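Subject: the structure I mentioned

Hi! Here is the structure I wanted to pass on to you. Have it open while you read, and my notes follow below.

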Amino acid sequence: MRVLALDSSGLVASVAVVEGKEGNADACTIAEYTVNYKKTHSQTLLPMLDEVAKMTDLDLASIDAVAVAAGPGSFTGLRIGSATAKGLGLALEKPLIPVPTLEGLAYNLCGTGGLVCPIMDARRGQVYTGIYRFRDGEHLTVVEDQMAVSIEELGEKLKAYKEEVTFLGDGVPVFREVLETQIMKGEKIRFAPANMNRQRAASVGALGLIYYKEGKTQTAEEHKPDYLRVSQAERERKERMEHDTVSM
């Protein structure tokens with residue numbers, strides 16, 4: 001089983017090829033190309049894919065499925081990743097494996113004890129987040145599903161579990177100080193090391209192997225990103241319409 005994995009849900013762009021016959025039990029990352037730099041994913045994702053294919057002598061026709069970080073995240077990044085995955089799925093006649101972004105991010109810390117809590121800066125005082133636990137060391141279980149909430153509301157949810165929490169994601173640099181000194185003060189918290197704290201396509205691919213085995217696939221035609229909330233442009237349009245209605 002060979003999966004091509006893509007993640008462009010945040011600032012990071014990442015492409016990987018992951019193989020395994022028995023889900024993640026024998027998963028092997030054949031190649032991974034990850035860039036965390038200020039270029040648009042439309043500039044980076046396809047050249048990265050091309051380079052991975054060249055370096056590994058990969059015939060794209062040989063892959064069994066395309067795993068993609070399906071959201072939430074950057075609206076533009078998700079659209080680029082989704083369009084790329086859909087294009088590959090249609091051209092190669094392969095299924096897509098939509099991997100929720102926060103689940104893929106949490107899987108970077110496979111085997112970690114306690115709760116794992118990825119946080120992505122969602123702006124407007126919110127984070128995209130979810131709460132996860134690893135059962136029997138490696139099986140990701142969803143404690144609380146993906147959501148967009150304030151960091152204060154997330155803190156209240158986490159404190160109710162009375163367990164150690166490990167945070168990761170691009171929201172950590174934004175909220176670490178307030179988590180340590182106010183929201184989670186006195187609680188057992190940790191932060192993932194630099195090599196594990198951002199999106200990685202290898203994690204999306206490893207979860208993709210498991211989800212493929214569980215039948216969690218889509219056709220390219222069916223796939224749509226999960227934005228979790230409306231875009232800024234849609235919010236502003238709604239606000240203008242509401243303002244115009246009140247003014248009439």
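In helix α2, the buried residues are F75, G77, L78, I80, G81, S82, T84, A85, L88 and G89. Buried here means under 20% relative accessible area, exposed means over 50%, and partly exposed is in between, using a 1.4 Å probe and protein chains only. The names of helices and strands come from DSSP runs, numbered from the N terminus: helices are H or I with at least four residues, strands are E with at least two.

Before going on, two notes on the model. It is predicted, so local features need pLDDT of at least 70 and side-chain atom pairs count only at pLDDT 80 or more, while totals for chains, interfaces and linings use all residues. Residues are numbered from 1 along each chain as its sequence is written, and side-chain values use heavy atoms, with hydrogens and water left out.

Back to α2. What covers its buried residues? The cover includes β1 (2–7), α1 (41–55), β4 (65–69), β5 (96–99), α3 (101–106) and β7 (126–135). Contact means heavy atoms within 4.5 Å. The length of α2 can be checked too: its 18 residues (75–92) should span 26 Å at 1.5 Å a residue, and the end C-alpha atoms are 26 Å apart, which agrees. The expected span is 1.5 Å times one less than the number of residues. Right after α2 comes E93, with a positive phi near 55°.

Now for the way α2 meets α1. The two helices pack at an angle of about 35°, and their axes are 10 Å apart. Axes are lines fitted to C-alpha atoms, for helices over the stretch in contact, and angles run from 0 to 180 degrees between N-to-C directions. The crossing of α1 and α2 is right-handed, meaning that the near helix is turned clockwise from the far one by less than a right angle (anticlockwise would be left-handed). From α1, the residues H41, S42, L45, L46 and L49 meet G77, I80, G81, T84 and L88 of α2. By type, that contact has five nonpolar residues, five polar and no charged. In this count Ala, Val, Leu, Ile, Met, Phe, Trp, Tyr, Cys and Pro are nonpolar, Asp, Glu, Lys and Arg are charged, and the others, Gly among them, are polar.

Next, the sheets. One is an open sheet of five strands with mixed pairing, in the order β3-β2-β1-β4-β5. Two strands pair if DSSP finds at least two bridges between them. At the edges are β3 and β5, each pairing on one side only. On average, neighbouring strands in this sheet are turned by 15° against each other, ignoring direction. Helix α1 packs on the sheet and touches β1, β2 and β3, with its direction at about 30° to that of β2.

Try following β2 (residues 13–19) through that sheet. Six of its seven residues are buried. With β1 it pairs in the antiparallel sense over six bridges, and the two strands form a hairpin with five residues between them. You can find L4 opposite V17 of β2, and L6 has V15 as its bridge partner. Seven bridges join β2 to β3 (residues 28–35), again antiparallel; there, E19 has C28 as its partner.

There is another open sheet of five strands, also with mixed pairing: β8-β7-β6-β9-β10. Its edge strands are β8 (139–150) and β10 (189–191), each paired on one side only. Neighbours here are turned by 25° on average, direction ignored. Helix α5 (residues 172–183) packs on this sheet, touching β6, β7, β9 and β10, and its direction makes about 155° with that of β10. Strands β6 (residues 115–123) and β9 (residues 165–168) run parallel, joined by four bridges, and V116 pairs with T166 in β9.

Finally, some backbone oddities. Most residues other than glycine have a negative phi, and most peptide bonds are trans. Which residues does a cis peptide bond join? G71 and P72, with omega about 10°, and P72 sits in the loop between β4 and α2. D57, in the loop between α1 and β4, has a positive phi near 50° and is exposed at 71% relative accessible area. R123, in strand β6, has a positive phi of about 65° and is exposed as well, at 58% relative accessibility.

Have fun looking around!
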